[in-house]
Amino acid sequence: MRLLVSGAGGMLGAAVMRAGDRSGHSLVGLARAQLDVTDAAAVRAAFNQVVETFGGVDIVVSNAGAAWQGRIGEVEEAVLRRSFELNFFAHQFVAQNAVRVMLAQGTGGALLFNVSKQAVNPGVDFGPYGLPKAATLLLARQYALEYGKHGIRANAVNADRIRSGLLTPELIAARAAARGLSEREYMAGNLLGRQVTAEDVARAFLYHATALKTTADVTTVDGGNIAAALR
């Protein structure tokens, strides 16, 4: 199967690529340094190049993102707009082109979105990040609703507290200190008391890549957080 990953240069994207390689998929990684996923024309051109080079695409992991912060009543408009460009519109551009290719192939496919626990369990000062992520969660379900009849599945993965470009060592240290916890206690602050890794999240994406009868699903990978659990 031909697997395309946006944001492949980050820790989580790289973990998905490694997991896909071990599973025998043909891999296409789109790193932010290679492609501006907020540029609709550039994304379309990139998919055209993928089709020309690999013959098509079967599984797309829309992963690129960044965590802008700010108190929602005071955050600058430009910050909020930049966050929506990357954390919502980029996912739409990737999914739109994936569907375009998949419909032409006529063989179905899988759209997989990296959402976040912020989409359902917002954190203080993380509104600029959580708002577009909430929109992206609904985007996944809209694709599931409208393209299921074509054999195209759309699912999301909600992760939390993953060491990555979003959750930097400095941010981990600050959050742990604010809660009076050690960094290990903070990172394992879930029902299972276990730290969640990028590899754990990658396995969730690979599960959905092969779950042929699952769509409109949101898989949570956070060690257990009742506040972020979906009904």
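N121 counts as buried, because its relative accessibility is 16%, which is under the 20% cut-off. Welcome to a short tour of this predicted model, which starts at that residue and then moves on to the sheet, a helix pair and a second buried loop position. The sheet to keep in mind is an open one, built from six strands with parallel pairing.

**Around N121**
- N121 sits in the loop that links β4 to α4, the helix spanning 127-147.
- Leaving aside residues up to four places away in sequence, N121 touches N225, A227 and A228.
- With N225 there is also a polar contact, side chain to side chain, at 3.4 Å.

**The sheet**
- Reading across the sheet, the strand order is β2-β1-β3-β4-β5-β6.
- The edges are β2 (26-30) and β6 (218-221), each of which pairs on one side only.
- On average, and with direction ignored, neighbouring strands are turned by 15 degrees against each other.
- β1, covering residues 2-6, is joined to β2 by five bridges in the parallel sense.
- If you would like a residue-level handle on β2, take L27, which is the bridge partner of L3.

**A helix across the strands**
- Helix α7 (residues 198-210) lies across four strands, namely β3 (59-62), β4 (109-114), β5 (152-159) and β6.
- Relative to β5, helix α7 runs at about 165 degrees.

**The α2 and α3 pair**
- Helix α2 (residues 40-54) and helix α3 (residues 77-105) have axes that come within 9 Å and cross at roughly 35 degrees.
- The crossing of α2 past α3 is right-handed.
- From α2, the contact is made by A40, V43, R44, F47, N48 and V51.
- From α3, the contributors are F93, V94, N97, A98, R100 and V101.
- Sorted by class, this contact has eight nonpolar residues, two polar ones and two charged ones.

**Around A8**
- A8 is placed in the loop between β1 and α1 (11-22).
- Is A8 buried or exposed? A8 counts as buried, because its relative accessibility is 14%, again under 20%.
- Not counting residues up to four places away in sequence, A8 touches G13, A14 and M17, along with G29, L30 and A31.
- For a sense of distance, take A8 and Q142: they are 134 residues apart along the chain, and their C-alpha atoms are separated by 25 Å.

Methods. Residues are numbered from 1 along each chain as its sequence is written. This is a predicted model: local features need pLDDT of at least 70, side-chain atom pairs count only at pLDDT 80 or more; totals for chains, interfaces and linings use all residues. Side-chain values use heavy atoms; hydrogens and water are left out. Two strands pair if DSSP finds at least two bridges between them. Helices (H or I, at least four residues) and strands (E, at least two) are DSSP runs, numbered from the N terminus. Axes are lines fitted to C-alpha atoms, for helices over the stretch in contact, and angles run from 0 to 180 degrees between N-to-C directions. Contact means heavy atoms within 4.5 Å. A crossing is left-handed if the near helix is turned anticlockwise from the far one by less than a right angle, and right-handed if clockwise. Ala, Val, Leu, Ile, Met, Phe, Trp, Tyr, Cys and Pro count as nonpolar, Asp, Glu, Lys and Arg as charged, and the others, Gly among them, as polar. Buried means under 20% relative accessible area, exposed over 50%, partly exposed in between (1.4 Å probe, protein chains only). A polar contact is a pair of N or O atoms within 3.5 Å; within protein, one must be able to donate a hydrogen and the other to accept it, and residues adjacent in sequence count only if both atoms are side-chain atoms.
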